[in-house]
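Hi there,

Here is the structure I promised to pass on to you. Have a look at it first, and then read on for what I found in it.

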Amino acid sequence: MRLTCMFSFILLFGAAGLIVFIHLQDPEEIVHQQTPGIKYNMGFQQPKKDCVSSNNRDRRLRKNIADGIATVKLSGSLHPAENVPTKLQSTDRRQSSITLGKDYEQQGEEINSIRLHKRRRRFVIKKSPILISMNSSTLNLPTLKSEDRSNSKWKTLYQIQRERKQIMRETCSKYKSNNRRIITPYHVSRIFVEDKYRVLYCEVPKAGCSNWKRVLMVLNGLAASTKDIQHNTVHYGNYLKRLDGFDRKGIYHRLNTYTKMLFIREPFEKLVSAFRDKFEHPNNYYHPVFGKAIISRYRVNATKEALRTGSGVKFKEFIQYLLDVHRPVGMDIHWDHVNRLCSPCLIDYDFVGKFESMEEDANFFLHLIGAPQNLTFPKFKDRHSNEERTTTKITQQYFAQLSPSQRQRSYDFYYMDYLMFNYSKPFEDLY
């Protein structure tokens, strides 16, 4: 009796597995596996609301099938040409059955090809990729005015820019493949647009981005002075346009004709600045989202209060999270690589400024684009104004808490940023 029950259970389990397999099978694959002459009862799906461009094609196909025509040219299809079946296997059935089977299969394949095209669309980026050749900007670094060429200060700053761009290009040529450069809206999602003075600014957090947004708002006529703009207005007001908000033509036009600039900061210093800002002060996002996950994963004998609030993350725990390939919570723009945020090997930036020489670089840039003379880069600290800025000395104090191995791995993590922007090794024992 027990053997019979076990045998029955195995049969039921196998049948259930077969049903699940059939249910999960891709309709495209089912159509390819049909025997000629057999038509699967697979009706048309209603077109999705977000697939407007495919509706007319779908209706034409229905009409063609009704008229006995089963040939439709799918221009711009996502499927490689070699994957489209063109021949059907022959059988020993009568010729009429073979012809009918071919008609049905061709119709089914084309119908399901369209359905598959629609289904895959949601996994493809909404806007078409933009193909741009290496360093194709038609603008490049703005030329010094004739009256500035005799000014030794402007000439020195101009030469520094040329050297920074050269190092960036050489690093990209050495470590990145640029034979086929494809720029998608994702690559420009962190770039802010100022149309009046034709400026594109790639936001790098903890490298003066709040004040740069204030400057862009003043340039755009949204405020009279940078001092009038509050922190929440800068980051949550949505007054500035992002480049990925434009269509393909708008993105391409601005990338090729606007002055593209970014400001960067020494990677370890930027990292410590982000840690101090997000984890050493009350924060209703970073503590519950990142803090709780970090404490739960890396702190031994964590208290219930720490697990509940996520407050009090230690720098060493934060570094453990950063270097963990299986992070309990994802990356964040405040400690991500500049190489990932701004794609400098894809986008040919015309101006590369540094936080360490912010005032000089920023005001030189404003001079180059012809900004109003009374507009200068603000010096005030955006948040925690009573607290000392993160300096090299403070950065070294935080990294002294780590083991040599952790410091080395942290340097390796930001190696491309160190190399691309010509920063020296922050510790002598690094290699």
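To start you off: in which helix does His-287 lie? His-287 belongs to helix H10, which covers residues 286-298. Please keep in mind that this is a predicted model.

Staying with that histidine for a moment, is His-287 buried or exposed? Its relative accessible area is 7%, and because buried means under 20%, His-287 counts as buried. Its side chain reaches the backbone oxygen of Lys-278 at a distance of 3.2 Å. Leaving aside residues up to four places away in sequence, His-287 touches Lys-278, Phe-279, His-281, Pro-282, Lys-292, Thr-309, Gly-310 and Ser-311.

Now for the overall picture. The protein chain has 431 residues, and 45% of them count as buried. Its secondary structure comes to 17 helices and 7 strands. If you take the contacts between residues at least 6 apart in sequence, 73% of them join residues at least 24 apart. The chain exposes about 25,000 Å², with carbon and sulfur atoms supplying 52% of that area.

Helix H9 is a good place to go next. This helix takes in residues 267-279, and 13 of its 13 residues are buried, so H9 is largely enclosed by the rest of the structure. Its length works out nicely too: at 1.5 Å a residue, the 13 residues should span 18 Å, and the end C-alpha atoms are indeed 18 Å apart. At the N-terminal end, Glu-266 acts as a cap, with a side-chain oxygen 2.9 Å from the backbone nitrogen of Phe-268.

Then there is the sheet. What is the order of the strands in the open sheet of 5 strands? The order runs S5-S3-S4-S6-S7, and the pairing is mixed. Strand S5 (241-242) and strand S7 (351-354) are the edge strands, each of which pairs on one side only. Further in, strand S4 (residues 199-202) and strand S6 (residues 259-264) pair in the parallel sense over 4 bridges. One bridge to pick out is that of Leu-200, whose partner in S6 is Lys-260.

Finally, the cysteines. How many disulfides does the structure hold? There are 2 disulfides, and if you number the bonded cysteines in sequence order, the pairing is 1-4, 2-3.

One of them is formed by Cys-172 and Cys-345, with their sulfur atoms 2.0 Å apart. This pair links distant parts of the chain: Cys-172 sits in helix H5 (residues 152-175), while Cys-345 is in the loop between helix H13 (338-342) and S7, 173 residues apart. The link of Cys-172 and Cys-345 is left-handed, with -85° about the S-S bond. Both Cys-172 and Cys-345 are buried.

The other disulfide joins Cys-202 and Cys-342, again with sulfur atoms 2.0 Å apart. Cys-202 lies in strand S4 and Cys-342 in helix H13, so this pair ties together parts that are 140 residues apart in sequence. The torsion about the S-S bond of Cys-202 and Cys-342 is about -95°, so this disulfide is left-handed. Cys-202 is buried, and Cys-342 is buried as well.

A last cysteine to look up is Cys-209, which has a relative accessibility of 7% and therefore counts as buried.

Enjoy exploring the structure, and write back whenever you like.

Best wishes

Notes: Residues numbered from 1 in each chain as written. Predicted model: local features only at pLDDT ≥ 70, side-chain atom pairs only at ≥ 80, totals over all residues. Heavy atoms only, no water. Helix = DSSP H or I, 4+ residues; strand = E, 2+ residues; numbered from the N terminus. Buried < 20%, exposed > 50% of the residue type's maximum accessible area, 1.4 Å probe, protein only. Contact = heavy atoms within 4.5 Å. Areas by Shrake-Rupley, 256 points an atom, 1.4 Å probe, with all protein chains shown as cover. Expected span 1.5 Å × (residues − 1). Polar contact = N/O pair within 3.5 Å; in protein donor to acceptor, adjacent residues only side chain to side chain. Pairing = 2+ DSSP bridges. Disulfide = S-S within 2.5 Å.
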